[in-house]
Amino acid sequence: MTFFPDSLTGAKSRCHACRQATPLGFDFQFAYQPIVDLRDQSVFAHEALVRGPAGEGALDVLRQVNDTNRYRFDQECRTRAIKGAAALGMQQHLSINFMPNAVYRPELCIRSTLEAAKAHDFPLDKLIFETLESEHIDNYRHLTHILREYREFGFKTAIDDFGAGYSGLNLLADFQPDLIKLDMALIRDVDQDRARQAIVRGVVMMCSELNVTVIAEGIESAGERDFLADCGIFLMQGYWFARPAFQALAEVRPAAWIR
């Protein structure tokens with residue numbers, strides 16, 4: 001049963017940033033890319049990837065985000081992603097990227113997310129919130145506070161691009177998310193690179209001890225897929241399986257499963 005706290009769905013729950021948020025001033029949509037589970041050849045989740053209103057790349061949208069509209073953009077991303085997923089009949093998890101620097105008080109800033117999930121009957125336990133390890137964080141403790149609050153609401157949490165920045169291990173020491181997504185730079189040609197292989201094996205072993213599930217993103221070849229599967233990574237994402245589908249749920253290529 002999905003639980004929507006009444007204390008956070010009323011108008012009085014809005015924080016100052018909610019009331020004073022600047023209008024966005026531009027439009028955007030989403031493409032959805034599947035995260036697959038090799039164990040049963042299923043789709044575990046779909047990641048919502050921001051796109052322009054006609055399918056333009058993410059950079060065309062993100063270059064319009066600034067300090068005055070960052071909060072509104074973060075809130076709009078959550079609500080539009082949920083609305084779009086529900087309209088497409090998504091039954092799997094929905095993974096949404098969020099901007100920690102746009103979250104002021106997580107217990108209040110999550111209000112619009114709860115309202116969208118309730119309005120579109122999308123289960124809270126099917127929501128995954130990803131934060132980029134490589135993104136500059138103004139307040140490191142604030143990020144861990146956000147992640148803990150999200151977990152309290154029943155959301156799954158994830159660190160994206162793990163291995164691309166400088167804070168990943170420190171963050172993992174202080175907070176163990178449900179998932180980490182290995183950065184695609186570590187994945188590229190991993191089946192042919194001993195150094196990358198050693199690093200990936202080490203991360204998998206570490207995460208196994210911490211009860212954190214590893215997702216490999218950026219899979220582009222059968223060799224990468226097979227090496228990672230042999231390491232015990234079964235959740236994967238990348239063009240090898242399916243490209244993002246604009247305002248649609250992408251179909252996984254049947255041949256992508258064959259080993």
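These are my notebook entries on what I looked up in this structure, which is a predicted model.

**Overall make-up**

I began with the chain as a whole and found 10 helices and nine strands. Of its 259 residues, 49% count as buried, and the accessible surface comes to about 12500 Å², with 49% of that belonging to carbon and sulfur atoms. I then looked at contacts with a separation of 6 or more, and 71% of them are made by residues 24 or more positions apart.

**Nonpolar cores**

Next I asked which members of the largest nonpolar core touch the most other members. In this core of 62 residues they are Phe73, Leu94, Ile180 and Leu228. Helix α3, residues 70-87, supplies the largest share of the core, with five residues. Apart from this core lies another, of eight residues, and I noted Ile128, Leu179, Ile215 and Leu235 among them.

I followed Ile180 further and set aside its neighbours within four places in sequence; its remaining contacts include Ile159, Phe162, Leu172, Val203 and Cys207. The stretch from Val212 through Thr213 and Val214 to Ile215 is also in contact with Ile180.

**Strands β5 and β6**

I looked up strand β5, residues 156-162, and since six of its seven residues are buried, the strand is largely enclosed by the rest of the structure. It pairs with strand β6, residues 179-182, in the parallel sense over three bridges, and I noted that Phe162 stands opposite Leu182 in β6.

**Arg80 in helix α3**

Is Arg80 buried, partly exposed or exposed? Arg80 is found in helix α3, and its relative accessibility of 26% falls between the limits of 20% and 50%, so Arg80 counts as partly exposed. When residues up to four places away in sequence are not counted, Arg80 touches Leu24, Asp27, Phe28, Phe30 and Tyr32. I also checked Arg80 against Gln29: the two are 51 residues apart in sequence, while their C-alpha atoms are 7.7 Å apart in space.

Three of the residues that Arg80 touches, Phe28, Phe30 and Tyr32, turned up again in my search for rings, where Phe26, Phe28, Phe30, Tyr32 and Phe73 form one aromatic cluster.

**Aromatic pairs around Phe129**

A search of the whole structure gave me 12 aromatic pairs. In one of them, Phe98 and Phe129, the ring centres are 6.2 Å apart and the planes stand at 80 degrees, so the pair is edge-to-face. Phe98 lies in the loop between β3 and α4, whereas Phe129 lies in strand β4, residues 127-132, so this pair ties together parts that are 31 residues apart in sequence. Phe98 is buried at a relative accessible area of 3%, and Phe129 is buried at 0%.

Phe129 also pairs with Phe155, with ring centres 5.1 Å apart and planes at 65 degrees, so this pair too is edge-to-face. Because Phe155 lies in the loop between α6 and β5 and Phe129 in strand β4, the pair ties together parts that are 26 residues apart in sequence. Both Phe129 and Phe155 are buried.

**Helix α5 and the cysteines**

In helix α5, residues 111-119, I found that Arg111, Ser112, Thr113, Leu114, Ala116 and Ala117 are buried. Asp121 follows α5 and has a positive phi, near 55 degrees.

Lastly I asked how many disulfides the structure holds, and the count is zero. Cys207 is buried at 0% relative accessibility, and Cys231 is buried with a relative accessible area of 17%.

Terms used. Residues are numbered from 1 along each chain as its sequence is written. This is a predicted model: local features need pLDDT of at least 70, side-chain atom pairs count only at pLDDT 80 or more; totals for chains, interfaces and linings use all residues. Side-chain values use heavy atoms; hydrogens and water are left out. A nonpolar core is a set of buried Ala, Val, Leu, Ile, Met, Phe, Trp, Tyr and Cys residues joined through side-chain atoms within 4.5 Å. Buried means under 20% relative accessible area, exposed over 50%, partly exposed in between (1.4 Å probe, protein chains only). Helices (H or I, at least four residues) and strands (E, at least two) are DSSP runs, numbered from the N terminus. Contact means heavy atoms within 4.5 Å. Two strands pair if DSSP finds at least two bridges between them. Accessible areas come from the Shrake-Rupley method with a 1.4 Å probe; for residues, only the protein chains shown count as cover. A disulfide is a pair of cysteine sulfur atoms within 2.5 Å. Rings of Phe, Tyr and Trp (its six-membered ring) pair if their centres lie within 6.5 Å; planes under 30 degrees apart count as stacked, over 60 as edge-to-face and the rest as tilted.
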